[in-house]
Amino acid sequence: MMECRDINDLGGYGARYDYTAYLSRRDWAYEHIRRIPAFEATAWRACNTGLVSQPACHQITLLKMQRPEPEAEAWGLKFFPNPSVAAPKAHVFWTDDAHGEKVHLKVSERMPGEVDRIFEQTVVKCQILHLTDWEGFEHLVIQGKGCSIQARCTGLSLTSTDPVKMSFDVDAVDDIGKFTRILEQSKRVYGDQITSPPIFTRKAKLMRNGLIALDGNRAGLSDRQIAWIIEGRDQVESGVAKGDRSLIKRVKTYRDNADALCNGGFRALLVPRLSMALSA
């Protein structure tokens, strides 16, 4: 979220949103939901209550729910994360009803001497959140450099003392093209696409601008000042001097699009078949 101490020097604020360049759809959904005032207020009151957390080896954090969280489930979440933590580092577990295309993780016995290359690559490049929900089902959130994915686990327990291996599949997919797309997007969690400076797709840039417009408005900035952050002060003022205020007028469009996602539209990001136009 944005905090402005000197509205005359906004040049560095845009870089604070560089982390959004490679977000997954589930991350974009959370970036919008955590900006909803009603969600934020409830999350601050309830976050991490009834949740036991402990670190394990290989950058793995073990989480265990002690009870159901109906208030969180109403928002499509297993429990309330800390709303001040941005995606993809937040502890965000979407319910099966809310998230329609989760990766399915099959856990099976690993034979002596057998190497689990999926696990080896994942623990080297990513941080792992392992959740045992209140019904005893296991879930993973794999947090990479630029995005995160969520997997639902079946088969053996990942907390077993016996050697296990993992394989990925995708639920709720009715054609090979969609299956391939979901798995390919899931591989982005390893961060091989990360560049510096970040490269934004057109869709990611529009959504980033929406977040800046929302946060700038909450911080008390005018649309003109928000445009300085997005487009650069010199470019905006050069246009104004020529009678062109189009860069300023765009701010309202960015904010309106972000408001629509906050007002329920975020759910289409989690079930992309409902709105394929939202695909990056």
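This passage walks through the overall make-up of a predicted model, then its nonpolar cores, the packing around helix 7, and one strand residue.

Starting with the big picture, the protein has 280 residues, and 45% of them count as buried. Its secondary structure comes to nine helices and seven strands. The accessible surface adds up to about 14,000 Å², with carbon and sulfur atoms accounting for 52% of that. As for how the chain folds back on itself, take the contacts between residues at least 6 apart in sequence: 68% of these join residues at least 24 apart.

Next, the interior. In soluble globular proteins, nonpolar side chains tend to be buried together. Here the largest nonpolar core holds 49 residues, and the members that touch the most others are Y30, I33, F39, F80 and W94. Helix 1 (25–33), helix 2 (37–46), helix 6 (202–218), helix 7 (223–231) and helix 9 (246–270) are the elements giving two or more residues to this core. Helix 9 gives the most, with ten residues. Another core lies apart from this one; its eleven residues include V103, L105, V107 and M166.

Within the largest core, F39 is worth a closer look. Once neighbours within four places in sequence are set aside, F39 is in contact with Y30, I33, R34, W75, L77, F80 and P81. Two of the names in that list, Y30 and I33, sit in helix 1, where they are buried along with R25, R26, D27, W28, A29, E31 and H32. Since nine of the nine residues of helix 1 are buried, this helix is largely enclosed by the rest of the structure.

Helix 7 makes a good case study in packing. Its buried residues are Q225, I226, A227, W228, I229 and I230, and the cover over them includes helix 6, helix 8 (233–241) and helix 9. Two packed helices are described by the angle between their axes and the distance between the axes. For helix 7 and helix 9, the axes come within 8 Å and cross at roughly 90 degrees, which means helix 7 is roughly perpendicular to helix 9. On the helix 7 side the contact is made by D223, R224, I226, A227, I230 and E231, and these meet L247, I248, R250, V251, K252, Y254 and R255 in helix 9. Sorted by class, that contact has seven nonpolar and six charged residues, with no polar ones.

The pairing with helix 8 has its own geometry. Helix 7 and helix 8 pack with their axes 7 Å apart, at an angle of about 125 degrees, so helix 7 counts as oblique to helix 8. Here R224, A227, W228 and E231 of helix 7 meet R233, Q235, V236, E237 and V240 of helix 8. The class breakdown is four nonpolar, one polar and four charged residues. Helix 7 is followed by G232, which has a positive phi, near 100 degrees.

Finally, a stop at S167, which is placed in strand 7 (residues 164–170). Its relative accessible area is 32%, so S167 is partly exposed. Leaving out neighbours within four places in sequence, S167 is in contact with H104, L105, K106 and I118; L105 also turns up in the core of eleven residues. Along the chain S167 and C153 are 14 residues apart, and their C-alpha atoms are separated by 10.0 Å.

Conventions
Residues numbered from 1 in each chain as written. Predicted model: local features only at pLDDT ≥ 70, side-chain atom pairs only at ≥ 80, totals over all residues. Heavy atoms only, no water. Core = buried A, V, L, I, M, F, W, Y, C linked by side-chain atoms within 4.5 Å. Buried < 20%, exposed > 50% of the residue type's maximum accessible area, 1.4 Å probe, protein only. Helix = DSSP H or I, 4+ residues; strand = E, 2+ residues; numbered from the N terminus. Contact = heavy atoms within 4.5 Å. Axes fitted to C-alpha atoms, helices over the stretch in contact; angles between N-to-C directions. Parallel < 35°, antiparallel > 145°, perpendicular 65-115°, else oblique. Nonpolar A, V, L, I, M, F, W, Y, C, P; charged D, E, K, R; others polar. Areas by Shrake-Rupley, 256 points an atom, 1.4 Å probe, with all protein chains shown as cover.
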